[in-house]
Amino acid sequence: MQAEEFETIREFNIKFPSKIYICSRCGSLVSDPHQCNMCGCQSNNFLFSDKSYTYFIKDKNITNTIFKPVELEKGK
Ligand SMILES: [Zn+2]
């Protein structure tokens, strides 16, 4: 998946205020964007990369791959 770009981490937090993420593997709602506490799956597991979410913060020049924020599912 192509990374979504944000100017700052603040912009990211405004778009995804819930801080709840969907595990790429088991679909549980979790508060940790990097590791599921139900099945142990990690967000950078390439097997599930089509269900993860990658973003880029321009002012920090960082790229991060996390579980999909729940806001993205609500939008569908
Ligand atoms: Zn899981």
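# Exercises on a predicted protein model

Buried residues make up 17% of the 76 residues in the protein chain. The model is a predicted one, and the exercises below examine its overall form, its sheet, its core and several individual residues.

## Exercise 1. Overall form

Determine how many helices and strands the protein chain has, and establish whether its radius of gyration agrees or disagrees with that of a compact globule.

**Solution.**

Step 1. The secondary structure of the chain consists of two helices and five strands.

Step 2. Read from the N terminus, these elements follow the sequence β-α-β-β-β-β-α.

Step 3. For 76 residues, a compact globule would have a radius of gyration near 11 Å. The protein chain has 12 Å, which agrees with that expectation.

Step 4. Along its principal axes, the C-alpha trace spans about 35 × 25 × 20 Å.

Step 5. Among the contacts with a separation of 6 or more, 48% are between residues 24 or more positions apart.

## Exercise 2. The sheet

State the order of the strands in the sheet, and explain why S1 and S3 each have one side without a neighbour in the sheet.

**Solution.**

Step 1. The five strands form an open sheet in the order S1-S4-S5-S2-S3, and the pairing is mixed.

Step 2. Strand S1 (4-6) and strand S3 (29-30) stand at the edges, and each has a single partner strand; therefore one side of each is left without a neighbour in the sheet.

Step 3. S1 runs parallel to strand S4 (residues 52-57), and three bridges join the two. Within this pair, Glu4 has Tyr55 as its bridge partner, and Phe6 has Ile57.

Step 4. S4 and S5 pair in the antiparallel sense over six bridges. Ile57 is here the bridge partner of Ile62. Ile57 thus appears in bridges with Phe6 of S1 and with Ile62 of S5.

Step 5. S2 and S5 are also antiparallel, joined by two bridges. In S5, Pro69 is the bridge partner of Tyr21.

## Exercise 3. The core

Identify the residues of the largest nonpolar core, and list the residues that Ile22 touches, not counting those up to four places away in sequence.

**Solution.**

Step 1. The largest nonpolar core has eight residues: Tyr21, Ile22, Cys23, Val30, Cys36, Cys41, Tyr53 and Phe67.

Step 2. Ile22 is one of these core residues. With residues up to four places away in sequence left out, Ile22 touches Gly27, Leu29, Phe67, Lys68, Val70 and Glu73.

Step 3. Phe67 is found in both lists: as a member of the core and as a residue touched by Ile22.

## Exercise 4. Positive phi values

For Lys19 and Asn61, give the phi value and the location, and decide whether each is buried or exposed.

**Solution.**

Step 1. Lys19 is not a glycine, and its phi is positive, near 60 degrees. Lys19 lies in the loop between helix H1 (9-15) and strand S2 (21-22).

Step 2. A residue is exposed if 12 or fewer other C-beta atoms lie within 10 Å of its own. Lys19 has 11 C-beta neighbours inside 10 Å, so Lys19 counts as exposed.

Step 3. Asn61 is likewise not a glycine and has a positive phi, near 55 degrees. The position of Asn61 is in the loop between S4 and strand S5 (62-69). This loop belongs to the hairpin of S4 and S5, which has four residues between the strands.

Step 4. Asn61 has 7 other C-beta atoms within 10 Å, and therefore Asn61 is exposed.

## Exercise 5. Separation in sequence and in space

Compare sequence separation with C-alpha distance for the pairs Gln2 and Thr54, and Ile62 and Ile9.

**Solution.**

Step 1. Gln2 belongs to the segment before S1. Because Gln2 has 6 C-beta neighbours inside 10 Å, Gln2 counts as exposed.

Step 2. Although Gln2 and Thr54 are 52 residues apart in sequence, their C-alpha atoms are 7.0 Å apart in space.

Step 3. Ile62 lies in strand S5. With 10 other C-beta atoms within 10 Å, Ile62 is exposed.

Step 4. Ile62 and Ile9 are 53 residues apart along the chain, and their C-alpha atoms are separated by 9.8 Å.

Terms used. Residues are numbered from 1 along each chain as its sequence is written. This is a predicted model: local features need pLDDT of at least 70, side-chain atom pairs count only at pLDDT 80 or more; totals for chains, interfaces and linings use all residues. Two strands pair if DSSP finds at least two bridges between them. A residue is buried if 20 or more other C-beta atoms lie within 10 Å of its own, exposed if 12 or fewer, and partly exposed in between; C-beta atoms are placed from the backbone. A nonpolar core is a set of buried Ala, Val, Leu, Ile, Met, Phe, Trp, Tyr and Cys residues joined through C-beta atoms within 7 Å. Two residues are in contact if their C-beta atoms, placed from the backbone, lie within 7 Å. The radius of gyration is taken over C-alpha atoms; the globule rule is 2.2 Å times the number of residues to the power 0.38.
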